[in-house]
Amino acid sequence: MLTAALRKELLLQWRSRSQMMAVFVFGAAALLLFSFAIGPNTEALRTFSAGFLWLGLLLSSTLTLAESFHAEMENRALEGLLLLPSNPHALYYGKAIANWLQLAVLGVALVPVMVVLYDAGTTQLLNLLLIIVLGTAGLSAPGTLYAAMTAQLKAKQMILPLLLFPLIVPALLASVKATSFAILGDPMGQATSWIVLLLAFDLIYWSLCGVLFRLVVEE
Amino acid sequence: MNQGVVTGGWEFVWAAYSLTAAMFLIYGVSLFLRRKGAKHDQRH
Amino acid sequence: MEMPRVSTSRTPYVLLALGVACLLTGSYFGLFVAPAEEYMGNVQRIMYVHVPTAWNWMLSVLFAFGCAVVFLFKNDMNWDARLEAGLEVGALMAFLLCCQGAIWAKPTWGVWWDWDPRLTSTAVLLFSLLGIVALRHFVDDPVKRAIWSAVATIVASIDLPIVYMSVKWWNSLHQQQSTPQTVSSQFHLPLRVNAFGVLFLMIGFLMLRSRIAAMRLQHELAAPPVLTGEEAGELA
């Protein structure tokens, strides 16, 4: 049941991959604008590159998350899905995993942009990948829950970030700190504790939001 | 600041106390006004 | 599902009066009777409003969380009315707390804002609460609104300790701030009296605000008027 839901989500995403391209361009444009806001100060740009990357990802996520329930809102497909003898958990986790994948791919795609714009290269690529995977998981779990809620509203574009942004502050802090250590160096080995915090955040929210999802979509 | 001792600063103290009092007062008044409005709606 | 009831007891008014009386007494003691603190001088007197506000704010958040959980289990709209009150009062107190904190910070730390874990966590939760209040405004169906705000409140409440911990961690890598950890006995009286003062005020506010919410819910959930035979005939 979960695999069926996941397959459907990934298929939907593959079919709308041109939208993914647009979101990538949005993210890259955001990173570019951040560099203009700081100015040609290479030291500052490098120091804050992790922050910019994650801010860019966060802003892009409002686009991808809001869109993720678009298909379900047409022709009342959501109700139809819930009437099937499948459980809402499969629907939630299928969506959340698909959103996670989408954001992780976006994150990885934005890394070269970051490297070029901010001179923020790093050799710790596996580490960076781990942080992106865990960080985007932290965005995706609550994001999918709130997307399900706000998709049913008229003002969805406004409300989703309003609800999501305060919530994911710990995940954002941890991701930025860990990424920063990967780029700028980590003499005292502090990155691990941030990654552990990220992991804890992910575990808590992937379970909590899964439990609460049913309440948010039933009539 | 000398030797880590803060001198004076009464204006901050007054600011904090009056802000607190003002916010509680304004909120209380807003509750009364809204209560009148809600009761009025109920009549219909 | 339980329909909302509007209470008419006098208790909130009594509590408000008691609260004001306590606050006036406690503040008098705090401002004019208690001695100035050793290092912070008179500025430290802000503690007599700031700490009571902080304690009661945490209670209001706990209250909102409790209402959300109870509502989801019991499906009783009275708990949604109380949740509405808890969210608003919680947001008010969080905002007040941030302002008081900034006013205290300026003379003691030299800046209006700092990334102190408590200030930061409070600000984050303030935005969370405002977001949920905004959500309520955009949902017309009262039952959906109740369920969604309960879910959002639970999610935000569970986040609060995580935010606090992560900011504390983050903050400890930058600088240490000193705040009065031990409070000597001379300072106890105004602190306690004001704490009760804010508590009584807060409970009074919560009760009154719940009534307003319950009244509106009654209005929204009321069945449409039954037509008499004549009126029904006219429509046919």
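# Close-up views of chains A and C

**View 1. Chain C as a whole, in a predicted model.** Among contacts in chain C between residues at least 6 apart in sequence, 83% join residues at least 24 apart. Chain C has 236 residues, of which 55% count as buried. Its secondary structure comprises seven helices and zero strands, so that the order from the N terminus on reads α-α-α-α-α-α-α. The area that chain C exposes is about 10800 Å², and carbon and sulfur atoms supply 67% of that area.

**View 2. Helices α4 and α5 of chain C.** Two packed helices are described by the angle between their axes and the distance between the axes. Here α4(C) covers residues 117-138 and α5(C) covers residues 142-172. Their axes come within 9 Å and cross at roughly 165 degrees. An angle over 145 degrees counts as roughly antiparallel, and α4(C) and α5(C) are therefore roughly antiparallel to each other. The crossing of this pair is right-handed.

**View 3. The residues where α4(C) meets α5(C).** On the side of α4(C), the contact includes Pro117(C), Val124(C), Leu125(C), Ile132(C) and Leu135(C). Among the residues that α5(C) brings to the contact are Trp148(C), Ala152(C), Ala156(C), Leu160(C) and Val163(C). Arg118(C) and Arg136(C) of α4(C) also take part, as do Arg145(C) and Lys168(C) of α5(C). By class, the contact of α4(C) with α5(C) holds twelve nonpolar, six polar and four charged residues.

**View 4. The loop residue Asn75(C).** Asn75(C) sits in the loop between α2 (47-74) and α3 (77-109) of chain C. Most residues other than glycine have a negative phi. Phi of Asn75(C), by contrast, is positive, near 55 degrees. The relative accessible area of Asn75(C) is 38%, which means that this residue is partly exposed.

**View 5. Helices α6 and α7 of chain A.** Helix α6 (residues 88-118) and helix α7 (residues 125-150) of chain A pack with their axes 8 Å apart. The angle between them is about 140 degrees, and α6(A) and α7(A) are therefore oblique to each other. Their crossing is right-handed. From α6(A), the contact includes Tyr92(A), Trp100(A), Leu103(A), Gly107(A) and Val111(A). From α7(A), the contact includes Leu128(A), Ile132(A), Val133(A), Pro142(A) and Leu145(A). The residues of this contact divide into 16 nonpolar, five polar and one charged.

**View 6. Gly107(A) and its surroundings.** Gly107(A) belongs to helix α6 of chain A. Its relative accessibility is 0%, so Gly107(A) counts as buried. Leaving aside neighbours within four places in sequence, Gly107(A) is in contact with Leu53(A), Leu57(A) and Ile132(A). Leu57(A) is 50 residues away from Gly107(A) in sequence, and the two lie 6.4 Å apart in space, C-alpha to C-alpha. Gly107(A) and Ile132(A) also both appear in the contact of α6(A) with α7(A) shown in the preceding view.

**View 7. The loop residue Asp119(A).** Asp119(A) lies in the loop between α6 and α7 of chain A. Phi of Asp119(A) is near 50 degrees, a positive value in a residue other than glycine.

How values were computed: Residues are numbered from 1 along each chain as its sequence is written. Chains are lettered from A and ligands numbered from 1 in the order in which they are written. This is a predicted model: local features need pLDDT of at least 70, side-chain atom pairs count only at pLDDT 80 or more; totals for chains, interfaces and linings use all residues. Side-chain values use heavy atoms; hydrogens and water are left out. Axes are lines fitted to C-alpha atoms, for helices over the stretch in contact, and angles run from 0 to 180 degrees between N-to-C directions. Helices (H or I, at least four residues) and strands (E, at least two) are DSSP runs, numbered from the N terminus. Angles under 35 degrees count as roughly parallel, over 145 as roughly antiparallel, 65 to 115 as roughly perpendicular and the rest as oblique. A crossing is left-handed if the near helix is turned anticlockwise from the far one by less than a right angle, and right-handed if clockwise. Contact means heavy atoms within 4.5 Å. Ala, Val, Leu, Ile, Met, Phe, Trp, Tyr, Cys and Pro count as nonpolar, Asp, Glu, Lys and Arg as charged, and the others, Gly among them, as polar. Buried means under 20% relative accessible area, exposed over 50%, partly exposed in between (1.4 Å probe, protein chains only). Accessible areas come from the Shrake-Rupley method with a 1.4 Å probe; for residues, only the protein chains shown count as cover.
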